[in-house]
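Student: Could you take a close look at one part of this structure with me, the nonpolar core, and then set it within the whole chain?

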Amino acid sequence: MAKDVLIEIKNLKKTFTKKTGNIFRRKITHVHAVNNVSLEINKGEILGIIGESGCGKTTTARMIMRLMKESSGDIIFDGTNLSKLNDAQTNKMRKKMQMIFQDPYDTLNPGMRILDIIMEPLNAHEKGLSYEEKVVRVQDAVEAIDLKPAEDFIYRYPHQLSGGQRQRVAIARAIILEPLFIAADEPTSMLDVSVRAGILNALLSLKKKMGLTMMFITHDLSTASYMCDRIAVMYQGRVVEIGPTKKIIHNPSHPYTKALVSVVADLNYFIENKESIILDGEVDATIVHEGCPFVSRCPHQESSCHSHPPELEKIENQHYVSCHCHLDINDQKLPVSL
Ligand SMILES: Nc1ncnc2c1ncn2[C@@H]1O[C@H](COP(=O)(O)OP(=O)(O)OP(=O)(O)O)[C@@H](O)[C@H]1O
Ligand SMILES: [Mg+2]
């Protein structure tokens with residue numbers, strides 16, 4: 001593992017088993033939520049994860065955070081293989097990584113004051129601190145995320161804050177233990193557009209001040225292009241393209257990434273040319289594909305796309321794509337000015 005890598009994910013898989021039907025006709029289906037993902041997250045970078053609903057973004061983050069165990073594969077965090085830790089060791093490791101969720105309503109206990117909500121991780125992991133010291137730490141975290149003065153906010157309950165303020169409280173709670181890594185799972189998608197930029201900028205400034213490494217999950221390519229150093233594009237549980245943000249935006253090479261970019265860059269162009277960009281269809285994670293998982297929606301498919309899955313292949317410095325026919329479609333004109 002290179003010394004500038006904080007997290008290395010190797011061949012990560014998560015399969016959920018679903019039972020449907022009744023006792024006479026039991027049907028078991030397997031959902032391949034994450035299917036052989038390998039990637040690295042460098043120290044101090046923001047890696048964006050984008051892709052449509054159900055492609056495995058949250059499941060990947062939850063496995064890194066140890067909120068869920070992988071079916072197979074390895075996650076190496078700061079030199080430690082998380083899959084090999086026992087419960088006590090995992091609990092210790094949790095201090096170094098925190099997650100911010102999409103909906104602050106879900107994550108903040110409505111019956112607790114903001115002070116007590118943010119203090120909870122300190123109570124669990126910093127038992128040597130006095131109550132007064134913990135209050136100071138809470139105040140510092142709250143002010144670091146621009147809820148100032150802290151005393152105006154910490155004695156309130158979640159329902160006495162706006163949605164944007166609640167998400168700032170969730171962020172303060174995530175940074176209180178000074179973690180190395182934060183996974184932010186669509187942290188602004190439930191918020192009013194007017195407060196989104198404030199939250200994004202606050203995350204960027206915290207990242208700089210604290211030297212944080214982040215995984216930033218979003219559906220929105222323009223948010224990813226604003227926030228992220230590199231972007232990984234997921235489709236049906238796999239990473240289909242990964243590279244520096246500028247290369248993903250200006251030289252998208254997987255047909256799915258091209259579709260994502262063109263829909264944001266010029267909606268009219270996308271609507272007029274949809275048939276040649278992406279075919280209609282939905283993600284079905286219960287299907288095991290012999291060939292490329294994108295084949296049923298790809299307008300450029302050739303015979304090899306049906307016979308075997310493409311590997312992630314290096315196409316330029318730091319830029320990888322998993323597509324049999326990316327060379328043939330590279331000259332396809334698309335509007336790519338985000
Ligand atoms: N606990 C679970 N039990 C069964 N299936 C699950 C579970 N969690 C996720 N899945 C399935 O795994 C797949 C990936 O889900 P995941 O939540 O990771 O997607 P996502 O990319 O985060 O989607 P979204 O953008 O909608 O949040 C989906 O098909 C989902 O239905
Ligand atoms: Mg999700």
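Tutor: Happily; here is the core, followed by its setting in the chain. This is a predicted model, where local features need pLDDT of at least 70, side-chain atom pairs count only at pLDDT 80 or more, and totals for chains, interfaces and linings use all residues. Residues are numbered from 1 along each chain as its sequence is written, and side-chain values use heavy atoms, leaving out hydrogens and water.

A nonpolar core here is a set of buried Ala, Val, Leu, Ile, Met, Phe, Trp, Tyr and Cys residues joined through side-chain atoms within 4.5 Å, with buried meaning under 20% relative accessible area (1.4 Å probe, protein chains only). The largest such core has 65 residues, and Val138 and Phe216 have the most contacts inside it. Setting aside neighbours within four places in sequence, Val138 is in contact (heavy atoms within 4.5 Å) with Leu115, Ile118, Met119, Leu122, Ile154 and Ile176. A second, separate core has 30 residues, among them Cys55, Ile75, Ala183 and Val239. In soluble globular proteins, nonpolar side chains tend to be buried together.

Now for the setting. Of the 338 residues in the chain, 49% are buried. Among contacts between residues at least 6 apart in sequence, 64% join residues at least 24 apart. The C-alpha trace spans about 70 × 50 × 45 Å along its principal axes. The radius of gyration, taken over C-alpha atoms, is 21 Å, which agrees with the value near 20 Å for a compact globule of 338 residues; that rule is 2.2 Å times the number of residues to the power 0.38.

How values were computed
Chains lettered and ligands numbered in written order. Buried < 20%, exposed > 50% of the residue type's maximum accessible area, 1.4 Å probe, protein only.
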